[in-house]
Amino acid sequence: FLMRADDIPGKYVLAATRMFNSGQRMNKLIADLIDFTRTHLGAGIPIKPKKINLTEVCMNVVDELRTSHSERIIDFNSFRREEMFGDDNRLAQVISNLIGNALQYGAPDEAICVRMASTAQEITLTINNKGPVIPPGKLGSVFDPLVRLASKENADDVRETSLGIGMFIAREIVGAHKGSIGVESNAADGTTFRLALPRHLPACSPAGGRR
């Protein structure tokens, strides 16, 4: 509320924004650690599928990140209702991780483009940022745990805000939804993460496995 207020001095808006961002970073670090521990205990990341509107899930995440990163442009203009069976909270976590990664590594003066497309069988989401190209030799390890793609210039900042497991967790959640995730990076198009999710899931247990 304070961050969106236009009738209070700017210094209070700035203080509220810093408090909110710090809380969000702490919350994400703790949640990532819990999920990382789950995967190494063999239980996997649990999902609770239900009928959801993925467009709405994505829009909510984009709105939250626009609020906490008001200096950045996150372009998402899909208004078509895209229904599927999935865990809305977990998929929001995936989308937040992917856009957060784009905010962290993308060029600060370039827009982050979020696009959605679909067929009768699946929904595809792409997140593109214009920033340093990921070397071909590192593309295969992007989704490995404890891997960061920071340049030397921003390595200190990354250590403060990332454990290097966000992409790993995103891959595990997508896998629990029987989907796929990949990344492409080149100088002409920038870096694009592509997420494909089936509209329907086989019956799942609370832990994400098949019954």
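**Notes on the predicted model**

1. In strand β3, the bridge partner of K51 is F85. This is a predicted model. The strand that pairs with β3 here is β1, residues 50-53. Four bridges join the two strands, and they run antiparallel.

2. Strand β3 covers residues 83-86, and its side chains alternate. M84 and G86 point to one face and are buried. E83 and F85 point to the other face and are not buried. This fits the general pattern: in a regular strand, side chains alternate between the two faces of the sheet.

3. K51 also reaches β3 through its side chain. K51 and E83 form a salt bridge, with the closest N and O atoms 3.3 Å apart. K51 lies in strand β1 and E83 in strand β3, so the salt bridge ties together parts that are 32 residues apart in sequence. How exposed are the two partners? K51 is exposed, at 54% relative accessible area. E83 is partly exposed, at 29%. The cut-off for exposed is over 50%, so K51 passes it, whereas E83 falls in the band between buried and exposed.

4. E83 has another salt-bridge partner, R81. The closest N and O atoms of R81 and E83 are 2.7 Å apart. R81 is exposed, with a relative accessible area of 53%.

5. Next comes E82, which forms a salt bridge with R199 at 2.8 Å, N to O. This pair links distant parts of the chain, 117 residues apart. R199 sits in the segment after β7 (190-198), and E82 in the loop between β2 and β3. Is this pair buried or exposed? R199 is buried, with a relative accessible area of 12%. E82 is buried too, at 5%. Salt bridges that share partners join K51, R81 and E83 into one network.

6. How many salt bridges does the whole structure hold? A search finds nine. Among them are K51 with E83, R81 with E83 and R199 with E82.

7. Helix α3 runs over residues 88-105 and has 18 residues. From first C-alpha to last, the helix reaches 26 Å, close to the 26 Å expected at 1.5 Å a residue. What caps its N-terminal end? D87 does: a side-chain oxygen of D87 lies 3.1 Å from the backbone nitrogen of N89. The helix is mostly covered, with 13 of its 18 residues buried.

8. H177 lies in the loop between α6 (166-176) and β6 (180-186). H177 is buried, and its relative accessible area is 0%. The cut-off for buried is under 20%, so this residue qualifies. Which residues does H177 contact, leaving aside neighbours within four places in sequence? They are I47, F85, G86, D87, R90, L91, L197, P198 and L201. Several of these names have come up above: F85 is the bridge partner of K51, G86 is one of the buried β3 residues, and D87 is the cap of α3.

9. The structure holds one aromatic pair. The rings are those of F143 and F193, with centres 5.9 Å apart and planes at 85°, so the pair is edge-to-face. The pair links parts of the chain that are 50 residues apart. F143 is in the loop between α4 (136-139) and α5 (155-161), while F193 is in strand β7. Both F143 and F193 are buried.

10. S68 and S70 make a useful contrast. S68 is in helix α2, while S70 is in the loop between α2 (54-68) and β2 (74-76). S68 is buried, at 9% relative accessible area. S70 counts as exposed, at 62%.

11. What does S68 touch, not counting residues up to four places away in sequence? M3, F20 and N21. A polar contact of 3.1 Å also joins the side chains of S68 and H69. M3 appears again with S70: their C-alpha atoms are separated by 9.9 Å, although the two residues are 67 apart along the chain.

Note on methods. Residues are numbered from 1 along each chain as its sequence is written. This is a predicted model: local features need pLDDT of at least 70, side-chain atom pairs count only at pLDDT 80 or more; totals for chains, interfaces and linings use all residues. Side-chain values use heavy atoms; hydrogens and water are left out. The expected span of a helix is 1.5 Å times one less than its number of residues. Buried means under 20% relative accessible area, exposed over 50%, partly exposed in between (1.4 Å probe, protein chains only). A polar contact is a pair of N or O atoms within 3.5 Å; within protein, one must be able to donate a hydrogen and the other to accept it, and residues adjacent in sequence count only if both atoms are side-chain atoms. Contact means heavy atoms within 4.5 Å. Two strands pair if DSSP finds at least two bridges between them. A salt bridge is a side-chain nitrogen of Lys or Arg within 4 Å of a carboxyl oxygen of Asp or Glu. Rings of Phe, Tyr and Trp (its six-membered ring) pair if their centres lie within 6.5 Å; planes under 30 degrees apart count as stacked, over 60 as edge-to-face and the rest as tilted.
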